[in-house]
Amino acid sequence: MSLPASPTAFSDKNRITGIDALRGFALAGVALVHMTEQYIAGPQPDGFMEGVNGLPDQILQGVISLFFTGKFFALFSILFGLSFSIQMASAESKGEKFGGRFIWRAALLFVIGYVHQLFYRGDILTIYAVLAPFIIPFYKISKKWLLITAGIIFLGIPKFIVFALFGNEGVTGVHSMMDNNHELVKSYIETISTGSLGEVFFLNATYGMLTKIDFQVSFFGRFYYTFAYFLIGLWLGRIGIFKDIAAYAKQIKNVMLWSIGALMISFVLTAITFATAKQPIDFTSWQFALGMNFLDWVNISMTAIILCGFLMLYQKQSWEKRLSYFAPYGRMALTNYVMQSVIGTFIYFGWGLGYLSQFTTLTSALIGILLIMVQTLFSKYWLKRFRYGPLEWLWRCGTYLRWQPFLKESTTSPASS
């Protein structure tokens, strides 16, 4: 497979601000979720946060779980598939093949993600990197089959197959995914609470990686859903929705209405399934697996509602200006995502300030909002002087195996006149 001689597939001349804004919006939601979860990315022993959160914090946590958890990661994943579509189409229009370089780019992303994993075991970049090569064959598949394939995954078929094989034990055999009080769970919390940076790195590279694999590949199904979201992003790229959002206004509104209906049905099915289950709930039962699958439909429906809501608002001139506030944040998404985790783990983990389990949900949310604002302002300042964020630039240099332009040309220079 031949590779393009020049980085034309990543030209910034025709960047679509709406995509950057949506990426920044999605990243802001991810930051808020991770900050309120205090970067644990896994089960907490019973009583871990006892006496810390009051009723207002519990209500706020419920709001974040309903509207943010699992939804903004999904938007982020959709945008990965969309970016792939744009990159492939750009190279194809110039008679170039980008598949091979895309795989190499994914390998570099895995390296970046693995370093990120050492700080935060909930890293998603390594998952993106592993899944990335599998999206290439779908580039030429008809739009109808992209949606059908994504729909099969969203129905939960891969999850049910894994549940039939492994139950809720997880595929790595470390311990049950539902065992909050397992000694390894307690040991992990103790390490991130009081351990050194080296101890946290070692545990995240070993036990943390295994638990992440369990969460991704087990009946929780994040791995499969991520790929389905890739396909949705690829489909959105194929129809060119971000080139003219207004042209799809009617379709967006219809999807919004159908998604609201699906959300209500999913809520009812989830409630009925868990309400009729024998108490205490048997986590090894098919009724539990079915209830969790209906709960996933809630997340999928809510994701569609948020996406459609963003697109509908972005069509309006006043809202376009407001939502474009997130565009610089989105242009530096890789740098900001990794730095969020470094800053967040420094605040909570023992190798830093050590505030794990000491901040309320409200306090954590406020810290998250402050971090988003600071990173957005920094991104805006940085991009006035540089073409890319630091990690984006390094990733680009690695992609083409040569140094890429970094500083922006002065507006007074002859080259820019």
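1. Cys397 is buried, because its relative accessible area of 7% falls under the 20% limit (over 50% is exposed, in between is partly exposed, with a 1.4 Å probe and protein chains only). Cys308 is likewise buried, at 6% relative accessibility, and the structure holds 0 disulfides (pairs of cysteine sulfur atoms within 2.5 Å).

2. This is a predicted model, in which local features need pLDDT of at least 70 and side-chain atom pairs count only at pLDDT 80 or more, while totals for chains, interfaces and linings use all residues. Residues are numbered from 1 along each chain as its sequence is written, and side-chain values use heavy atoms, with hydrogens and water left out.

3. The structure holds 39 aromatic pairs, where rings of Phe, Tyr and Trp (its six-membered ring) pair if their centres lie within 6.5 Å, and planes under 30 degrees apart count as stacked, over 60 as edge-to-face and the rest as tilted. One of them joins Phe76 and Tyr337, whose ring centres are 6.2 Å apart with planes at 40 degrees, so the pair is tilted. Phe76 lies in helix H3 and Tyr337 in helix H16, so parts 261 residues apart in sequence are tied together (helices are DSSP runs of H or I, at least four residues, numbered from the N terminus). Phe76 is buried at 11% relative accessibility, and Tyr337 is buried at 3%.

4. Phe119 and Phe201 form an edge-to-face pair, 4.9 Å centre to centre with 80 degrees between the planes. Phe119, in helix H4, and Phe201, in helix H9, are 82 residues apart; Phe119 is buried at 17% relative accessibility, whereas Phe201 is partly exposed at 23%.

Methods
Helices (H or I, at least four residues) and strands (E, at least two) are DSSP runs, numbered from the N terminus.
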